[in-house]
Amino acid sequence: MFRSPMFRSPAMRRSPPKKKIEQHFEKLDPDVLDFIQEQVRLGISTNDAYEKFCQVHTDKIIKYTVFNCWYYRQLVASQPDLNQSESQNDSGDREIKTELIVKSELESYETQNLEPEMKQLMDMPKEIIAKMIAELDWEDRFTLQKVCRRFRSLVTNQPIRLSKLFFQVFETHAKLKFNNQSVDYHEAFNGLLVVSGNKYKHLERIDDWRVALNDLIVALQLPKLVVKKLFFEFNFFLSRSKRERVVETTGAATKLLSRRAHVKYLSVLIQNQEEILTILPYLEPSVLESIEIRHFDKDNYIDFDQIVELDQWKQARNLWADSIDCHVSHLKHFSKIQVTLPFVTVQDIIELKDALSTSDHFKSCRLSLFPTVDVEKLQLEMGQGTRKEFVIEYGVSHVSFRKI
């Protein structure tokens, strides 16, 4: 088979093997030979002669390279300087000269008529490739990034806005969800089954949550990714040993993020402070606006002594939290607050109310109170009704402030 010149070295293109040249001089159909000789006699060019041959002799098939060789052989044979009377001893030299001329013509043909270089995917404009990547699902994007540096660069530099990104770890599987597109990681026999839509692949001897976590980290460190809501959940029914391994590995993985993730709203479902510390410190404080902290056991509380010292906490504007243990002074900067405070006192609530009433960006606050707080006493201390654009409302187990 005649291979494209792009698969051969320059040396091979300059010097076609002798065996290949000889193959072109194998026995030729007499009718074809007569046709070639006639075209040589009429002075028709090789290209025109071959085109005419294809039209006239539709029942005969011959490659252009073979046709070209025979054409030049007949052309050389018809040259006057070679057809002069020669001695028997010179006939061998004539054959050698003829073949050298034909070989030279063949080399010239192959040099000037190289097959066009095959185009590759990366030869396409970057804008077209970017649109193609945008149509891929997330599992395909993760795979594409591993192909080569060029693809990784194209994937990572693509602007992406996600309205929702879920990361959930269960006892027997893990899940990532990008908007409405889910990637499930299921424990399977001797490995892991990754399912994305109607596609799946099997990975051997890998923990489900490790692969899901790796894909999450890959997504979060995309330089042009902006996530409106990130949901981070360690399921309540995780065994203690698996929960400890997941939390430890997640914390180690997020530390390796090349940049802080741009997330506007963080929602976590956790059991303790260590679990939220695996993700919150690695979000960009200037982008994070809202924090939602859900707790499995609302009758107990989560210690927040480390969390309240983070810039992410200090710069956030909205807070929704179940049963957190922190002083009210750490809530004064929020615009919207809805929390349960297990150890709050009447004096603490009054202090928070005074701070929020003078805040320029405050909008509303709802404190769910434990039975240890006497709401009637609180009402006597703070007063009732509307106080010049600042409304105080009391419930059986809560108190609310809001600006009007």
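## A guided tour, starting from strand β13

Begin by selecting strand β13, which runs over residues 336–341, and find Thr-340 within this strand. The model on screen is a predicted one, and the stops below can be followed in order. Thr-340 has a relative accessibility of 16%, and because the limit for a buried residue is under 20%, Thr-340 counts as buried. If you set aside the neighbours within four places in sequence, the residues in contact with Thr-340 are Ala-321, Asp-322, Ser-323, Ile-324, Ser-368 and Phe-370.

**The whole chain**

Now zoom out and colour the chain by secondary structure, where 16 helices and 16 strands are found. The chain has 404 residues, of which 45% count as buried. The accessible surface of the chain comes to about 23,000 Å², and carbon and sulfur atoms account for 50% of that surface. Taking the contacts between residues at least 6 apart in sequence, 59% of them join residues at least 24 apart.

**The largest core**

Next, select Trp-313, Leu-331, Ile-349 and Phe-401, which are the residues with the most contacts inside the largest nonpolar core, a set of 83 residues. Helix α11, at residues 208–220, gives the most to this core, contributing 9 residues. At least three residues of the core come from domain 2 (159–326), and at least three from domain 3 (338–403). In soluble globular proteins, nonpolar side chains tend to be buried together.

Stay in this core and centre the view on Leu-331. Which residues does Leu-331 touch, not counting those up to four places away in sequence? They are Trp-313, Leu-319, Cys-326, Ile-337, Val-339, Leu-341, Leu-352 and Leu-356. One of these contacts, Cys-326, is itself buried, with a relative accessible area of 14%. Another cysteine to select is Cys-365, which counts as buried at 2% relative accessibility. The count of disulfides in the structure comes to 0.

**A separate core and its rings**

Apart from the largest core lies another core, of 16 residues, including Leu-28, Val-66, Phe-67 and Tyr-71. Keep Phe-67 selected while you turn to the aromatic rings, since a search of the whole structure finds 11 aromatic pairs. In one of them, the ring centres of Phe-53 and Phe-67 are 5.6 Å apart and the planes stand at 40°, so this pair is tilted. Phe-53 belongs to helix α4 (residues 46–56) and Phe-67 to helix α5 (residues 64–77), so the pair ties together parts that are 14 residues apart in sequence. Both Phe-53 and Phe-67 are buried. Add Phe-35 and Tyr-50 to the selection, and you have a cluster in which ring pairs link Phe-35, Tyr-50, Phe-53 and Phe-67.

Move on to a pair formed by Tyr-301 and Phe-343. Are their rings stacked or edge-to-face? The ring centres lie 4.8 Å apart and the planes are at 80°, so the pair of Tyr-301 and Phe-343 is edge-to-face. This pair links distant parts of the chain, with Tyr-301 in the loop between β9 (290–295) and β10 (302–303) and Phe-343 in the loop between β13 and α15 (346–357), 42 residues apart. Tyr-301 is partly exposed, having a relative accessible area of 41%.

**Helices α9 and α10**

Select helix α10, residues 149–156, and show its buried residues, which are Phe-151, Leu-154, Val-155 and Thr-156. The cover over these buried residues includes α8 (126–134) and α9 (138–144).

Within helix α9, pick out Phe-142, which is buried, with a relative accessible area of 3%. Leaving out residues up to four places away in sequence, Phe-142 touches Phe-178, Asp-215, Val-218 and Ala-219. To see how a long step in sequence can be a short one on screen, draw a distance from Phe-142 to Leu-216: they are 74 residues apart in sequence and 9.9 Å apart in space, C-alpha to C-alpha.

**The last stop, strand β3**

Finish at strand β3, residues 173–178, where Lys-177 is found. Is Lys-177 buried or partly exposed? With a relative accessible area of 27%, Lys-177 is partly exposed. Not counting residues up to four places away in sequence, Lys-177 touches Lys-164, Leu-165, Phe-166 and Ser-182. The C-alpha atoms of Lys-177 and Leu-165 are separated by 5.5 Å, although the two residues are 12 apart along the chain.

Notes: Residues are numbered from 1 along each chain as its sequence is written. This is a predicted model: local features need pLDDT of at least 70, side-chain atom pairs count only at pLDDT 80 or more; totals for chains, interfaces and linings use all residues. Side-chain values use heavy atoms; hydrogens and water are left out. A nonpolar core is a set of buried Ala, Val, Leu, Ile, Met, Phe, Trp, Tyr and Cys residues joined through side-chain atoms within 4.5 Å. Buried means under 20% relative accessible area, exposed over 50%, partly exposed in between (1.4 Å probe, protein chains only). Helices (H or I, at least four residues) and strands (E, at least two) are DSSP runs, numbered from the N terminus. Domain bounds come from an automatic or database domain assignment. Contact means heavy atoms within 4.5 Å. Accessible areas come from the Shrake-Rupley method with a 1.4 Å probe; for residues, only the protein chains shown count as cover. A disulfide is a pair of cysteine sulfur atoms within 2.5 Å. Rings of Phe, Tyr and Trp (its six-membered ring) pair if their centres lie within 6.5 Å; planes under 30 degrees apart count as stacked, over 60 as edge-to-face and the rest as tilted.
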